Amino acid sequence: MEYIIKNGFVYCPLNNVDGEKMDICVRDGKIVESVSDSAKVIDASGKIVMPGGVDPHSHIAGAKVNVGRMYRPEDSRRDAEKFKAGRAGSGFSVPSTFMTGYRYAQMGYTTAMEAAMPPLLARHTHEEFHDTPIIDHAAYPLFGNNWFVMEYLKEGDVDACAAYASWLLNATKGYAIKIVNPAGTEAWGWGGNVHGIYDPAPYFDITPAEIIKGLAEVNEKLQLPHSIHLHCNDLGHPGNYETTLASFDVPKNIKANPATGERDTVLYATHVQFHSYGGTTWRDFVSEAPKIADYVNKNDHIVIDVGQITLDETTTMTADGPMEYDLHSLNGLKWANCDVELETGSGVVPFIYSARAPVPAVQWAIGMELFLLIDDPGKVCLTTDSPNAGPFTRYPRVIAWLMSNKYRMNLIEGELHKWAQRKSTIATVDREYTFSEIAQITRSTSAKVLGLSETKGHLGVGADADIAVYNINPETVDPSVDYMAIEEGFSRAAYVLKDGEIVVKDGEVVASPHGRTYWVDTQVDESIYSEVLANVESKFKQYYSVNFANYPVQDDYLPKSAPVKGVML
Ligand SMILES: [Zn+2]
């Protein structure tokens, strides 16, 4: 099948195309130089054309997401829809699987990553991926509180830790090394937490700093496409910005493995909004986002995502078990908690980020400050840590806030609690994002940092034909003033193509093919690997509730398996 998308205003930062009128040609799922006369024409005159959106950090599949769905019927009742594509779905902050795929596609997103997969529950995650149509996806297994990781790194055996990581990524069909509150979730198994990066985990006696450094070394040894993906310690605590800055420094002198090619960063720090807090209590809590932004501006080893508060009622869910307990103690709402054997833990708590409440107002301001004070959109990705700071369906609103100072000021001077002005610099920042910068933070930056920019995040020849066409005319719409047109335009794309197939037309889902599952297929030294496997097998007999042979996810769980190679030096 061939298509030609004619006359659109094309925004493709990776190829330095900034709003020029161009035709995009598509054949057999790829972007090509030219097509034959029989190609179907999609008229994009007066419309914006961008690569499909790439979400580097969201919670869309797996056990904790499903707990969120099951224990919040009120969230399901709030939002239900029958889609023309066939399935119905429900859930405002935690949509059901099919609805998740449909709604990402309606916004022009074609790739989304599940950012926290407990290895033991990988099977469940892949089962949900199977039922999440259209979007390409991958999952990041949790490594930061894993007993094997902590033991190997404590012994200083980075090679053995790399062999273990290689096995685990393969067994879980995982894509990246995710670290959540390193040492802290293990401490939560004993009812505690760690504070700062030099506070050791009980029994294992290893500090967060040692875990972050060791796993960053493992990451580069394995030549993984993505860097380590870090959720820092002390999430949500007033004064935590010092922990955040100290954590950013830990992998600073580790070099990105040149074999990974496109990536020059060694650290991806996630939902940094939750980690940019000053003060000592909620009473003297202030924004320290300017200090965090300044660090990102001055250092090239790091890319962050924001985790923007959307001022909604939502469902928080994370492997940061002790944090969820703190949150539940704070808001008194229902709390789910789980310990995952030798690997990790998790918690789920509903949360209401009210614009009229002081703390959420400042949290909103902090997220906006990060976006607006980090100079280079090549260092920041748009996320809401969906659903933690708000659901991914609010991305169009976040885009509109970023493109319009007036939209922000209406909120700041209107219903937003005065703390936002008093405890942050947000009211003094008048920067407005351009369409090209929006394309960066939603597409090219994320594709690049994930190591997927050969085929994702751009519209050059050879890229996957994942394309979004929006009903926004940059010649007549001034985002600064017409911010509602921006929010509406990015909410329901005029057309979305996924691998060269039309999946959305006029905002409606019209086809729902399976997306690919990316995972990393790494090779390690055979003798180290067999030694590590022997240790893993014996620990399985001793401690795990499942048999070693039943643990790995078998290949037929991945109908569109997309392995990415890495090789140990
Ligand atoms: Zn997250």
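Here are a few notes on a predicted model, taken one region at a time.

1. Start with the small sheet towards the later part of the numbering. Three strands make up this open sheet, in the order E17-E19-E18, and the pairing is antiparallel. The edge positions go to E17 (313-318) and E18 (336-340); each has a single partner strand, so one side of each lacks a neighbour in the sheet. Going from one strand to the next, the twist averages 15°.

2. Now the E18 and E19 pairing in that sheet. Strand E19 covers residues 344-352 and is joined to E18 by 5 bridges, with the two running antiparallel. If you want a pair to click on, try aspartate 339, whose bridge partner is glycine 345 in E19.

3. Two helices lie across strands of this sheet. Helix H1 (residues 63-70) lies across E17, E18 and E19, and runs at about 150° to E17. Helix H11 (residues 321-331) lies across E17 and E19, and its angle to E19 is about 25°.

4. Threonine 125 deserves a look of its own. You'll find this residue in helix H4, which spans residues 122-130. Is threonine 125 buried or exposed? Its relative accessible area is 0%, and buried means under 20%, so threonine 125 counts as buried.

5. What does threonine 125 touch, once its neighbours within four places in sequence are left aside? The contacts are Ala61, Gly62, Glu114, Met117 and Ala139. There is also a long-range pair to check on screen: threonine 125 and alanine 63 are 62 residues apart along the chain, yet their C-alpha atoms are separated by 6.8 Å. Alanine 63 belongs to the stretch 63-70 that forms helix H1, the helix lying across E17, E18 and E19.

6. Next, strand E5 (residues 48-51), which is covered on both faces. On one side sit Ile48 and Met50, on the other Val49 and Pro51, and all of them are buried.

7. Strand E5 also has pairing partners worth tracing. With strand E1 (residues 2-12), E5 pairs in the parallel sense over 2 bridges; valine 10 has valine 49 in E5 as its bridge partner. With strand E21 (residues 467-470), E5 runs antiparallel, and 4 bridges join the two. Here proline 51 is matched with isoleucine 467 in E21 as its bridge partner. Both valine 49 and proline 51 are among the buried residues of E5, on the same side of the strand.

Terms used:
Residues numbered from 1 in each chain as written. Predicted model: local features only at pLDDT ≥ 70, side-chain atom pairs only at ≥ 80, totals over all residues. Heavy atoms only, no water. Pairing = 2+ DSSP bridges. Axes fitted to C-alpha atoms, helices over the stretch in contact; angles between N-to-C directions. Contact = heavy atoms within 4.5 Å. Buried < 20%, exposed > 50% of the residue type's maximum accessible area, 1.4 Å probe, protein only.
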